[in-house]
Amino acid sequence: MKKTIAAVATSLLLLFSLALASPPPQFGSRPKADNTRLLTGKVLDHDDNPLPNAVVYLTNTRTRAVKTYIVSQDGTYRFPSLQPNTDYEVYAQLNGRKSDVKSVSQFNDNSQVSINLKIDTSK
């Protein structure tokens, strides 16, 4: 009988110590998944024609690090794995002409953001 009580007490102590070792779940927290964002879009002229070979510049406004992407034949670009708690600025350039600078705000909680950039090539 004493051995059974000792075994139960040891098992309970082990379970209790395991429960203390793992942090409690936070109220309102989401399960951990890929917590990054995807920025996509197209680079277009003012007639909505794609501008292949334009270069898209993405700037992290906190660190000022810049990533670039050369758009495909259909004018699309893609920046995966962006941090959700960071603001970014994005613009495109082709043959010395530049689009307006657009912002990706950390307060926009969408996991996918799409921004089309227009370059006036008629000047």
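Is Phe 79 buried or exposed? I looked up its relative accessibility, which is 4%, so Phe 79 counts as buried. The scale I used sets buried at under 20% relative accessible area, exposed at over 50%, and partly exposed in between, with a 1.4 Å probe and protein chains only.

**Basis of the entries**

I worked from a predicted model, in which local features need a pLDDT of at least 70 and side-chain atom pairs count only at pLDDT 80 or more, while totals for chains, interfaces and linings use all residues. Residues are numbered from 1 along each chain as its sequence is written, and side-chain values use heavy atoms, with hydrogens and water left out.

I then checked confidence, where pLDDT is the predictor's confidence in each residue, from 0 to 100. The chain averages 83, and 72% of the residues score at least 70. Over residues 25–32 the pLDDT stays under 50, and I found 0 contacts there beyond four places in sequence. A contact here means heavy atoms within 4.5 Å.

**Strand β2 and its partners**

I took strands as DSSP runs (E, at least two residues), numbered from the N terminus, with helices being runs of H or I of at least four. Two strands pair if DSSP finds at least two bridges between them. Strand β2 covers residues 55–60. I recorded an antiparallel pairing of β2 with strand β3, residues 66–70, over 5 bridges. Within this pairing, Leu 58 stands opposite Lys 67 of β3. I also recorded β2 pairing with strand β5, residues 88–94, in the antiparallel sense over 6 bridges. Tyr 57 has Tyr 91 as its bridge partner in β5.

**Asn 60**

I next examined Asn 60, which lies in β2. Asn 60 is buried because its relative accessible area is 15%. Its side chain reaches the backbone nitrogen of Thr 63 at 3.1 Å. For a polar contact I required a pair of N or O atoms within 3.5 Å; within protein, one must be able to donate a hydrogen and the other to accept it, and residues adjacent in sequence count only if both atoms are side-chain atoms. Setting aside residues up to four places away in sequence, I listed Ala 65, Thr 86, Asp 87 and Tyr 88 as touching Asn 60.

**Positive phi angles**

Which value does phi of Arg 64 take? I read a positive value near 65°, in a residue other than glycine. Arg 64 belongs to the hairpin of β2 and β3, which has 5 residues between the strands. Its relative accessible area is 49%, so Arg 64 is partly exposed.

I noted a positive phi of about 65° for Asp 48 as well, although Asp 48 is not a glycine. Asp 48 sits in the loop between β1 (37–44) and β2. At 46% relative accessibility, Asp 48 counts as partly exposed.

**Aromatic pairs**

How many aromatic pairs does a search of the whole structure find? I obtained 3. Tyr 57 and Tyr 91 form a stacked pair, at 5.0 Å centre to centre and with 20° between the planes. This pair links distant parts of the chain, with Tyr 57 in β2 and Tyr 91 in β5, 34 residues apart. Rings of Phe, Tyr and Trp (its six-membered ring) pair if their centres lie within 6.5 Å; planes under 30 degrees apart count as stacked, over 60 as edge-to-face and the rest as tilted. Tyr 57 is partly exposed at 23% relative accessibility, whereas Tyr 91 is buried at 19%.

Why is the pair of Tyr 69 and Phe 79 edge-to-face? The ring centres of Tyr 69 and Phe 79 are 6.0 Å apart and their planes lie at 65°, so I entered the pair as edge-to-face. Tyr 69 is in β3 and Phe 79 in strand β4 (residues 76–82), 10 residues apart. Tyr 69 is partly exposed, with a relative accessible area of 30%. I also noted that ring pairs link Tyr 69, Tyr 77 and Phe 79 into a cluster.

Lys 98 lies over the face of Tyr 91, at 4.4 Å from the ring centre. My criterion was NZ of Lys or CZ of Arg within 6 Å of the ring centre and within 35 degrees of the ring normal.

**Leu 82**

I closed with Leu 82, which lies in β4. Leu 82 is buried because its relative accessible area is 2%. The C-alpha atoms of Leu 82 and Leu 38 are separated by 6.2 Å, although these residues are 44 apart along the chain. Leaving aside neighbours within four places in sequence, I found Leu 82 in contact with residues including Leu 39, Leu 58, Lys 67 and Tyr 88.
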